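I opened this notebook to record what I looked up in one structure. The entries concern strand pairing and helix packing.

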Amino acid sequence: MRTVIKEFAPKSASDLLQILKYQRWRLPFRQTYQSFVDCKYGIEIGGPSGVFSTVLPLYEFVAGLDGVNFATDTVWEGQIQEGETYNFWGKRTGHQYISDATDLGQITSARYDFLLSSNCLEHVANPIKALTEWKRVIKPGGGFVLVLPNQVSNFDHRRPVTKFDHLLEDYTRDVGEDDLTHLEEILALHDLKMDPPAGDLEQFRRRSLQNLRNRTLHHHIFDADLIEKLLTHLGFDVRDVTTTRTDFFALAVKGSS
């Protein structure tokens, strides 16, 4: 099912401002998404995210939630550490894993009832490799909630949507997270006026060259068609893809095979 919603204001750069902007909004399809996490145990890649406590409130319904992040020091979360430190909602915590999104080897297959990820996959150089791992760690019949930024409202608005064949090629070539294939395009088309933390072009270039350490680049640009194609290719049953002014929301279910 495809839906387009344009009700709320553009997303801010930080989760704090995001919460302030979004706290009065609730997406109309939220009950369908909530049914896949209610009283269940899941994992989030790249969180915690203000989206899941505001416009799409899921945190409050889960039985438990663990988290994965690529490093112990990030520009989004600051200093974090592995262990029972994943504070996702209020005083509720789960296990924090420090691991690349494309390699969840320390997590056993089919461990979780559902998986959440918001505004993370665009920072991954090899999305199909990541999604394959994310699918592996959830149970058959488990819910998969993916949120990706809509380029029309952010600094990527000049860039073209990535072709599905390109993502397949990245997967076939086993592209690593040190890949800078898109750097020339990003430097040419990134709207620095919409990304104040990036600084001027030279500062942005220097930061981008250190992307393996900071993971700030958006490697690929997604739209609703590409998201649905990706999830279908990986064997998910796609239940919803909703377009808002700031994001794409997708709900899929892992099949039994």
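The entries below go from one strand and its partners to three helices and their contacts.

**Entry 1. The model.** I note at the outset that this is a predicted model.

**Entry 2. Strand S2.** I began with S2, which spans residues 41–45. I asked how many of its residues are buried. I found four of the five buried, and I recorded the strand as mostly covered.

**Entry 3. Partners of S2.** I then looked up the strands joined to S2. Strand S3, residues 64–69, is joined to S2 by five bridges, and the two run parallel. Within this pairing, I located Gly 42 opposite Leu 65 of S3. Strand S8, residues 112–118, also runs parallel to S2, and four bridges join the two. Which residue of S8 is the bridge partner of Ile 43? I identified Leu 115.

**Entry 4. Burial of helix H3.** I turned to H3, which covers residues 127–136. Seven of its 10 residues are buried, and I entered the helix as mostly covered. I listed the buried residues as Pro 127, Ile 128, Ala 130, Leu 131, Glu 133, Trp 134 and Lys 135. I noted that the charged residues Glu 133 and Lys 135 are among them.

**Entry 5. H3 against H4.** For each helix pair I looked up an angle and a distance, because two packed helices are described by the angle between their axes and the distance between the axes. For H3 and H4 I read an angle of about 75° and axes 7 Å apart. The angle falls within the 65 to 115 degrees that count as roughly perpendicular, so I classed H3 as roughly perpendicular to H4. From H3, the residues in the contact are Pro 127, Ile 128, Lys 129 and Thr 132; from H4, they are Leu 167, Leu 168 and Tyr 171. By class I recorded five nonpolar residues, one polar and one charged. Pro 127 and Ile 128 of this contact also stand in my list of buried residues.

**Entry 6. H4 against H8.** Next I examined H4, residues 164–172, with H8, residues 224–233. Their axes come within 10 Å and cross at roughly 40°. I therefore entered H4 as oblique to H8. I recorded the crossing as right-handed. On the H4 side, Phe 164, Leu 167 and Leu 168 make the contact; on the H8 side, Leu 226, Lys 229, Leu 230 and His 233 do. I counted five nonpolar residues, one polar and one charged in this contact.

**Entry 7. Residues of H4 in both contacts.** I compared the two lists for H4. Leu 167 and Leu 168 meet H3, and Leu 167 and Leu 168 also take part in the contact with H8.

Note on methods: Residues numbered from 1 in each chain as written. Predicted model: local features only at pLDDT ≥ 70, side-chain atom pairs only at ≥ 80, totals over all residues. Heavy atoms only, no water. Buried < 20%, exposed > 50% of the residue type's maximum accessible area, 1.4 Å probe, protein only. Pairing = 2+ DSSP bridges. Axes fitted to C-alpha atoms, helices over the stretch in contact; angles between N-to-C directions. Parallel < 35°, antiparallel > 145°, perpendicular 65-115°, else oblique. Left-handed = near helix turned anticlockwise from the far one by under 90°. Contact = heavy atoms within 4.5 Å.
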